[in-house]
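Please read these points with the structure open beside you, and look up each place as it comes.

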Amino acid sequence: MKKVVLLLFVCLCTLSVALAQTQKVSGKVTEGENSPLPGVTVLVKGTSQGMTTSADGTFTMECAPTSTLVFSFIGYSSQEVPVNGRSSISVKMGADTKQLADVVVVGYGTQTKEEFTGSAARVKGDAVKDLPVQSFDQGLAGKATGVSIGQPNGVLNNPPVIRIRGVNSISLSSYPLVVVDGVPINTGNVAGSSTVANNPLGDINPADIESIDVLKDAASTSIYGSRAAAGVILITTKSGKAGKPKVTYEGWAGVTRAVRLPKMLNAEQFMMIKNEAVLNSKILSGNANNASVASELFFPMYNADGSLVDTDWYKEVYQTGFSQNHSLSVSGGSESTKYYFSTNYSKQRGILKTNEFSRKAVRFNVDHKLTSWLTLTANANYNNTLNASPNTGSLEGNAFGLVGSARLAWLSAPNVPVYNPDGSYNLSTANTLGMGNNQVSSNFYNPVPMLDLNKYTSENDHILGTFAADFHPVKGLNYRISYGVDRLKIENVTFQSGVHGPGYPSGNATNTSIAANNWDFTNTLTYNLTVASKHSIGLLAGYDRQKFDNAAWGATRSNSADIFFNDFQGSYGTIIPANNALNERALVSVFGRFTYDYDKKYFLTVNFRRDGNSALGAGKKYGNFGGVSGGWSLAEENFYRNSSLAQVMTGLKLRASWGKIGNANLTNWYGSLSLYNSGLYGSAATWAFSQGGNPDLGWETGKQTNVGADIGLFNDRIQLDLTYYRNNVDGLILNVPQSPSKGIPNNAMLMNVGSMYNRGFEVGVTANVLESGKFSWNTNFNYTFNKNQVTALYGEGTEIVGTTSATAETSNITRVGYSVGSLYGAKTDGVNPENGQRIFINREGQRVQYNHAVPSGQSRWTYLDGSAAPAISVSDYQLLGNALPKFYGGFNNTFRYGNFDLGVNFTYSGGNYVMNGSKGTWRDQRFWNNTTEVLDRWTTPGQKTDIPRVVYGDLLSNGSSFPISENVEKADYIRLQTASLGYRVPVQLFGAKSGISSVRVYTQVFNAFLITKYSGTDPDISSNGNSNLTPGVDKNSIPQGRTFTFGVNVGF
Amino acid sequence: MNIHTSTAKVVKASLACLVLTVGLGLTACDEKDIMNPVPQTSLQGTFLFDTPERVLGQVNGMYAGLKVGNFFGGRFPMLSDIRGEEFINRLQNVFTGYDAWNHTINSGSNDALTTWSSAYATINLTNLVIDGLAAHPNVVDAATTAQYVGEAKFVRALCYFSLISFYGQPYVKNQGASPGVPLRMKGEASPANNNLARSTVAQVYAQIIKDLDDAEAALPLKYSSDLLNTTRAHRNTAIALKTRVYLNMGQFDKVVTEAKKVVSDATPYKAATGVAHQLQADINTVFTSSYTTTESIFSMPMTELDNISGQSSLGYEYNLNQEYNLNATGILGNAQWRTGDSRRTMLRASGTTMYLMKYRKANPYLDYVPVIRYSEVLLNYAEALARQSTPDLAKATAVLTAVHQRSDSGYTFPAATTSSATALTNAIWVERRIELLGEGFRSNDLLRNMLPIPSKGTAPSITSSQPEYIFPIPNAEISSNKEL
């Protein structure tokens, strides 16, 4: 009230002065690339005379020629401009760097960058919003120091392999905790469908993200206690800003195509190679003169026009996928109420036929200051996401399936057609691909009818929301109560046609409904005060309770009444229950944080959390975690400022932290209990031992040390972030193998044994390299070196064997003294030039060669002198290389010239090896097709080649039946992850009436190219997904896609 | 103004307190509940002996252990058959037994591990039942307890017999002196006791016989229904299995002793006490229309809600997916198996290739898998009669003929085949190949007689001196059991 009176009074006074001598001044206020800025307050300094700019950013007012105009707008630095008698004044507003001073979002709050003494990386939402990805996490590759992102295949919405500072567990999830607007949410592949990938992070529209903060060291993550071992990713969604409503439209459309597919043999080459193999087999088995043994088994087929049947199975399985994405947002608000509303439609098609992702989403964020002491915030996100996919053979556990599209495209015979002349599918009587005139059978399906007739979808209805109230009864004190909900309803629909494939002969349909209900209730009390102007103290205390309830139910109907039915709801003869599950888990925690700084020079943060996790053993549910970190801003010290070093190194802050965090991200929420399951024996009810429980199951504990420096050079034009870290993990939860003769279910029990460490350093360089006239070049380079080593397992000489696809293939080994999940297999030593046989090296170090076809009674395995040798088996396997990258990072550049901008972002990774298991498939000498490399096979004595003599039926020599070192390859690569070229269209073109304030058009290529010596499709491929124990296996997976997009962003 | 402000402050303060209390109130009340969730679809071990029904459930659970896909549900009899010479692998797929067929199983092979694990998992179930009944004596009455223990011992014996015939050298090689398998006789539910040495083959056989003798004494004569008589062990089931075990041990006199308990002296041969086992008029009855006749002594029941499908299902392997066809040079062309023989109606021709369709119900696969059938007992009996210390060739011939003529009534065995013990034994072996084709007998029949496994297709022959003659103990056992 007083203020208003005062204002009025001042106003009247100045008016009288102004009347004395005034002039007219007009002008325009702009921001960024000259886009008009409406709603800017223009005030004559020292008076109350003023106005706001109009929609096109212009203003006109009367004032004294000697007066000074003050331009102000929330979020921008105020500017004072003397009129100096001018009649036209243009002002360009710049973002208020102080106000937006690099803030770091930490658990349950924020800190300024200067206060922050832990280790974190921040990625702005803008960096991911235009990428042709399904979920933001796929777009983080190379953008955050210390964060490694691998895209395990080209299947849409497949969760990437995220590792923050290495693998930090063996049996538990190494996927970081993802917190969206304060609520830890469900992550990973939630589909519960073995066919369709469904990453719930794909339910968040990347364009809604304001910032992504990655917390890396214990001092920052320990506030999340037991869940922080793999790091924490904090997502902050956009909220409104006071001022005129702002409307943005962001859209892109693009095409995706598979890249780096190997070249397969054509029909003619196929028959030549396979018949050579058949003849070799005949000769080698001593049947050269035996007329009853075939010399050829592969024969051509001809089309009606007389041409040779030569099927390119790639064309039948892969496609050029067209995608589009549209987002519209409206935001704005007054001082008391701010809002953000957005909607998104995305439809993306993958490189494989029938692989689709579509998302329809709405988000609403509102922030209302009800009174001076109470603020309410709410945000709600609802979306519907549909993931559709054929069986790709690329998801975890699918590498050896009979239905995997990638493998079928590789191995299907090219000399048989997809369709018979009458248009029907080319099928055998045994529900497999018809082999035409070839005198062999295939045990694989024809992929085309499966793509045409079968249906696999996983659909999410996902509500993410938080409601919070902030009470601030006295200055510095804030009490926040917040309730968050992450309710995910998934419906999986599977239909397998009776015509062909796994549904043969009568068809089946499975529907499963999964409800993943997660709520989080948080109370926090914060108090900030400054004592004697130099002592800043911050206190946080909180209580958090989170509950997860998962329920799934479903059924399979089979024996379709009629081929007409394609859905579960049709008519079938049989129904059996499927995919039923009921699980619950709770986390209850109290936590606190104390922060202190003296004169912005010395900083201290102490975190503590006591966590209870219901999944652990009865007496082991609660654990105490915490961390302490300190910082010293040298650059603020007088002695430093006066030193000559300060001329160059303008900023210098040292920081160190230590903390203890836990991990109990058990996928089995009842892992500590001994359980019996009920089932049926015919129709009689049963109870049988189903899980050996360990009542002493407790946390894994990580002790992390982090030491670093933030350095600014040349007035912070170059900023360096150097960090050394080490994380010692103890009490690893391992699924300790039990002697199978004990009969414990799954032959394993969860126990806290073993330890390992990750050590490394990170370098982040951000530089404003060049700024000259219209041209500028900004760059960010980041590098992480990480060393992982297992230091103890469950006893002397113990090791953990990892298998690809359930138990199908032993492919990895975790051994003390090596990194987790090293590659494992038989050691080979090329091809014997004398006879073209693959040479293996057995456990004694002896060379043993393999001949698939021998006369009856002779040994297939011989020493090089021809005497019989024992077969190579698992006991001869050796560790073949580390599968975890030793270094990785990104190199991101933005060039601007006038209205043009060019983004060039590289990612790189290396120091690890990949088992190119697909190579085993490509060179398998059964009835399978091969890559053209096989044309270099051994044929004549003395010939040096890496492809053994082809012998029909040989599944061993090339690593198809078990992994061999021949197929282990270096995984080092540099990828041009994205390249984009944008142009800001001058808005004047559209005229003021259009209301358009900014337009940017751009074109972009995603996964542009790969520089690598890896001969497989992509060294990032992981056939075992996010598994810790079996990384680095590329077996029968589809490759990545390359996407070209064209997009437009419009602001109103 | 001042008054207004202070009121506001009070309201603010009390509201904050209220919310705080609500927040903290939640802390105390139900934290214990939500921190100790009780699984709703599984039972914690402590509640297992709360009711007699749950004890019966565990008894059925042991049988269900036998019935898993990797064991008697399909894989185990399949592996036994395809190691022999009757089937040709068509698709070279290691997931459908190519390694076993081709004798390239090694200690890391899936089939070596899953067979071993399934058998031992079931053994542990039987031990847990035996231990649990002793620890909870009053849940079911003494008579029922005795019966359940008898059933457990029968199941345990069947598991050990399966293990020793796959992973141990044949008993007859050296009267069981070779190393056998670890004998686990206590229920295991903790991380302890990983180490246990192998017992000898003879020790394992002795335990099998002891369990079966105990079972014979404890098991009921019969149950209340044909279904139970076929799917749970009764006294004659134990006796029938003993004829198989003693035959493996080459103790023919004992086979005869046991067989006489369940085979009448006069035709038609049938069991005089207990379940009246007898051959059915038509073998097709047993495999198509009725799975619970008195011929089926012990079978794995299949229902729509509980059946074995996919790559361990016999119907999938032999019929639907045609993973194996019958070897043209195997038993298929034998003169003893004439074209009119009704057992040939269980074969199917596709072109010139023959497939076995003993298990023909597909999707769902509802054919019961036979474990012990009366015709096997008769053939065990006939062989023992021919090979015992004082052979009874006439009786042996009569029993053999009964089996054969059931399916080919016009056939009489030529005198040359019945005139000597050796010739007759050979004829009985041929008959076993015809009668029991696809029921999991072939490789054991070769091994128990130390015969070489003949070559077939591209797979080589294997003699009894070769390591491939038996399955290797799986790596998983070798690496965790340090006393092996």
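1. Nonpolar side chains (Val, Leu, Ile, Met, Phe, Trp, Tyr) are joined into a patch within 5 Å, provided that the residues have over 30% relative accessible area and no salt bridge. In this model, which is predicted, Leu539(A), Phe594(A), Leu604(A), Val606(A), Val628(A) and Trp658(A) make a nonpolar surface patch of about 450 Å².

2. One member of that patch, Val628(A), can be placed further, since this residue lies in strand E30 of chain A, which covers residues 622-633. Val628(A) has a relative accessibility of 35% and therefore counts as partly exposed.

3. Elsewhere in chain A, four strands make up an open sheet with antiparallel pairing, and their order is E40-E41-E42-E47. Strand E40 (799-804) and strand E47 (878-881) of chain A each have a single partner strand, so they stand at the edges and one side of each is left without a neighbour in the sheet. Neighbouring strands of this sheet are turned against each other by 40° on average, direction ignored.

4. Within this sheet, strand E41 (residues 809-815) and strand E42 (residues 822-825) of chain A run antiparallel and are joined by two bridges. Ile813(A) is found opposite Ser822(A), a residue of E42(A).

5. How many disulfides does a search of the whole structure find? The search gives zero over all chains. A disulfide is a covalent bond between the sulfur atoms of two cysteines. As for single cysteines, Cys63(A) is buried with a relative accessible area of 1%, and Cys159(B) also counts as buried, at 0% relative accessibility.

Conventions:
Residues numbered from 1 in each chain as written. Chains lettered and ligands numbered in written order. Predicted model: local features only at pLDDT ≥ 70, side-chain atom pairs only at ≥ 80, totals over all residues. Heavy atoms only, no water. Pairing = 2+ DSSP bridges. Axes fitted to C-alpha atoms, helices over the stretch in contact; angles between N-to-C directions. Disulfide = S-S within 2.5 Å. Buried < 20%, exposed > 50% of the residue type's maximum accessible area, 1.4 Å probe, protein only. Patch = residues over 30% accessible without salt bridge, like charges linked within 9 Å, V, L, I, M, F, W, Y side chains within 5 Å. Areas by Shrake-Rupley, 256 points an atom, 1.4 Å probe, with all protein chains shown as cover. Salt bridge = Lys/Arg side-chain N within 4 Å of Asp/Glu carboxyl O.
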